[in-house]
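Please report on how the helices of this predicted model pack and on its main pocket. Keep it brief.

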Amino acid sequence: MSIPPPERPQDEPTRRYPAVPPAAAAPPPGVAPAAVPVGTAPAGTVPAGTVPAGTVPAAGVPVAGTGGATARVETRLTVETGRFWAGAAATALVAALVGVVGVIVLEQILRIDLVFRDPFGTGSAMSAYVLGGVVSAVAAAALLQLLVLTTPRPRAFFGWIVGLATVVATLLPLTWTDQVGSALASGIVNLLIGVAVWSLLNGVLGWTVRRVPA
């Protein structure tokens with residue numbers, strides 16, 4: 001005759017807990033956690049304080065590993081030489097055409113004798129103003145490129161130099177003759193050429209100047 005087993009109390013309902021990821025599970029008691037070799041990092045991460053090769057951090061951008069300090073990258077201005085001098089050639093053409101228009105309007109239409117100095121030996125006001133406009137534009141372009149490469153504020157220096165040179169070219173005819181009308185007409189042509197060179201080269205610089213790492 002068998003003896004029935006003693007009755008057990010009814011089991012409590014099973015409680016459900018969220019599964020613990022294997023990577024986050026704690027090691028069993030008495031087992032030390034796996035050691036990670038010194039100097040290794042998980043795949044896809046970049047150690048703090050390093051910058052990938054071939055990149056230049058922008059000025060004022062915090063760099064990892066520097067305690068939030070910003071990295072100062074030295075830069076300098078340069079110009080795209082090909083496009084800059086193409087713009088300078090177009091400026092020289094405009095300056096020459098301004099001289100042509102000035103001579104046609106003042107000397108041939110209004111019959112005002114222009115006062116000019118002819119260092120090129122052409123013998124005519126038309127040729128003198130055309131060559132003078134071309135030489136002025138090329139010289140101003142060379143000066144502007146030099147200022148961009150050597151001075152901290154090239155636009156300001158260029159504006160002052162070209163502006164003062166234009167004023168001198170405008171006033172010089174008054175010292176060459178006693179005929180005020182002819183001197184003023186010649187000065188106006190010089191003024192228009194100077195303004196054209198200054199404004200066009202400033203625009204050319206705006207489209208061709210670049211800031212690169214020093």
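## Helix 2 against helix 4

Helix 2 and helix 4 cross in a right-handed way (right-handed if the near helix is turned clockwise from the far one by less than a right angle, left-handed if anticlockwise). Their axes come within 10 Å and cross at roughly 35°. Axes are lines fitted to C-alpha atoms, for helices over the stretch in contact, with angles from 0 to 180 degrees between N-to-C directions. Helices are DSSP runs of H or I with at least four residues, numbered from the N terminus.

On the helix 2 side, the contact includes Tyr 129, Gly 133, Ser 136 and Ala 137. Helix 4 contributes, among others, Ser 186, Val 189, Asn 190 and Ile 193. Contact means heavy atoms within 4.5 Å. By class, there are 11 nonpolar, 4 polar and no charged residues. Here Ala, Val, Leu, Ile, Met, Phe, Trp, Tyr, Cys and Pro count as nonpolar, Asp, Glu, Lys and Arg as charged, and the others, Gly among them, as polar.

## Basis of the model

The model is predicted: local features need pLDDT of at least 70, side-chain atom pairs count only at pLDDT 80 or more, and totals for chains, interfaces and linings use all residues. Residues are numbered from 1 along each chain as its sequence is written, and side-chain values use heavy atoms, without hydrogens and water.

## Helix 1 against helix 4

The axes of helix 1 (residues 81-109) and helix 4 come within 9 Å and cross at roughly 160°. The two helices are therefore roughly antiparallel (over 145 degrees). Their crossing is right-handed.

Among the helix 1 residues in contact are Arg 83, Phe 84, Gly 87 and Leu 106. They belong to a contact with helix 4 residues including Ala 185, Leu 192 and Trp 207. This contact has 16 nonpolar, 5 polar and 1 charged residues.

## Helix 3 against helix 4

Helix 3 (residues 154-171) and helix 4 (residues 180-208) have axes that come within 8 Å and cross at roughly 165°. This pair is therefore roughly antiparallel. The crossing is right-handed.

Helix 3 brings Arg 155, Phe 158 and Gly 159, among others. Helix 4 residues in the contact include Gly 187, Asn 190 and Trp 198. The classes are 7 nonpolar, 8 polar and 1 charged.

## The largest pocket

The largest pocket has a volume of about 630 Å³. A pocket is an open set of points on a 1 Å grid over the protein atoms alone, where a 1.4 Å probe fits, with protein on both sides within 12 Å along at least five of seven lines; lining residues have an atom within 4 Å of a point. Volume is the space filled by probe spheres set on the points, which are joined across faces, edges and corners.

Of its 25 lining residues, Gly 132, Ser 136, Ala 169, Asn 190 and Ile 193 are the closest to the centre. Helix 2 (125-150), helix 3 and helix 4 each give two or more residues to the lining. Helix 2 gives the most, with 9. The lining has 18 nonpolar, 6 polar and 1 charged residues.

Note on methods: Angles under 35 degrees count as roughly parallel, over 145 as roughly antiparallel, 65 to 115 as roughly perpendicular and the rest as oblique.
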